[in-house]
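Student: I am new to this structure and would like a close look at a single part. Could you take me through one strand and what surrounds it, with each term explained as it comes up?

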Amino acid sequence: MPPKPRQGSPRRPTTSGGARRLLLGVGAAVALIAAGLVLWLLVGRSDSGAAGDDARAVLEAAGCELTIVDVPGDGSDHSVTDPEGVSSAWNTDPPTGGPHNGATAFYGAYDEPLNQAQVIHNLEHGAAYIYYGSDVSDATVAQLRAFYDDHRNGTLLAPYPKLGKKIALGAWNASSGDYESDEGVLATCTSFDDAAFTAYFDAFQFKGPERFSPD
């Protein structure tokens, strides 16, 4: 008679040594890539945050106040056609981002106030401005003009009378280079301080959501 089959639990399939090594290698590679991605994100955020933190410390030591706000509305909106260049959507004064005009202001140093809706378009491309109030002394304005002369690329200098005795620095920043992370960055100062102004420009200029080369 033919032998009876043995009774018992079926055997589990086994993985060969080569296949096991391949699976372990793939798992290690995936883990390494994931760790690298996390590190890259952390380093990128740390570098960006460190620059802003350093600038804030220097600005505050010089008596300046740094305000960072989310840019209101659709940043790429070119709907502001008011001849006075004004929008109720802006959330800083002077404005640092948001709906603006389709035209930009010519870069330079001015003796008259600028159309703010045009200036915001400049900021969208990475520009920064230096504004001074009507009560800022001629000697301080001369210091601002000298600073402007050393930072001509992507910079606007102009009066903004309602600031009174204060000076304002403005920029529109987007850490990811788009409109998903954009912020308006405004510093208001009671006097000119070369180190503080330089720190601001180093940290926040040329970082708009639709940025152009500094050249």
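Tutor: What follows begins with one strand and moves outward to its partners, a helix and the cores. This is a predicted model, in which local features need pLDDT of at least 70 and side-chain atom pairs count only at pLDDT 80 or more, while totals for chains, interfaces and linings use all residues. Residues are numbered from 1 along each chain as its sequence is written, and side-chain values use heavy atoms, with hydrogens and water left out.

The part to look at is strand 4, residues 155-159; helices (H or I, at least four residues) and strands (E, at least two) are DSSP runs, numbered from the N terminus. Five of the five residues of strand 4 are buried, where buried means under 20% relative accessible area, exposed means over 50% and partly exposed lies in between, for a 1.4 Å probe and protein chains only. In a regular strand the side chains alternate between the two faces of the sheet. In strand 4, T155, L157 and P159 lie on one side and L156 and A158 on the other, and both faces are covered.

Strand 4 pairs with strand 2 (residues 108-109) in the parallel sense over two bridges, pairing being counted if DSSP finds at least two bridges between two strands. Within that pairing, L157 is the bridge partner of A109. Strand 4 also pairs in the parallel sense with strand 3 (residues 128-132), over five bridges, and there P159 is the bridge partner of Y132. Between strand 3 and strand 4 the chain passes through helix 3 (residues 138-149), making a right-handed β-α-β crossover; right-handed means that, with the strands pointing away from the viewer, the path from the first strand over the helix to the second runs clockwise.

Strand 4 is also part of what covers helix 2, since the cover of the buried residues of that helix includes strand 3, strand 4 and strand 5. Eight of the nine residues of helix 2 are buried, among them V119, I120 and L123. N115 sits in the loop between strand 2 and helix 2 (116-124), and at the start of the helix a side-chain oxygen of N115 reaches to within 3.0 Å of the backbone nitrogen of A117. This is a polar contact, a pair of N or O atoms within 3.5 Å; within protein, one must be able to donate a hydrogen and the other to accept it, and residues adjacent in sequence count only if both atoms are side-chain atoms. Leaving aside its neighbours within four places in sequence, N115 is in contact (heavy atoms within 4.5 Å) with D82, P83, E84 and G85. Just after helix 2, G126 takes a positive phi of about 105°.

Strand 3 brings in the wider surroundings. The largest nonpolar core has 28 residues, a nonpolar core being a set of buried Ala, Val, Leu, Ile, Met, Phe, Trp, Tyr and Cys residues joined through side-chain atoms within 4.5 Å. Strand 3 and helix 3 are among the elements that each supply at least two residues of this core, and its largest share, seven residues, comes from helix 4. A second, separate core of 19 residues includes A105, V119, A127 and Y160.
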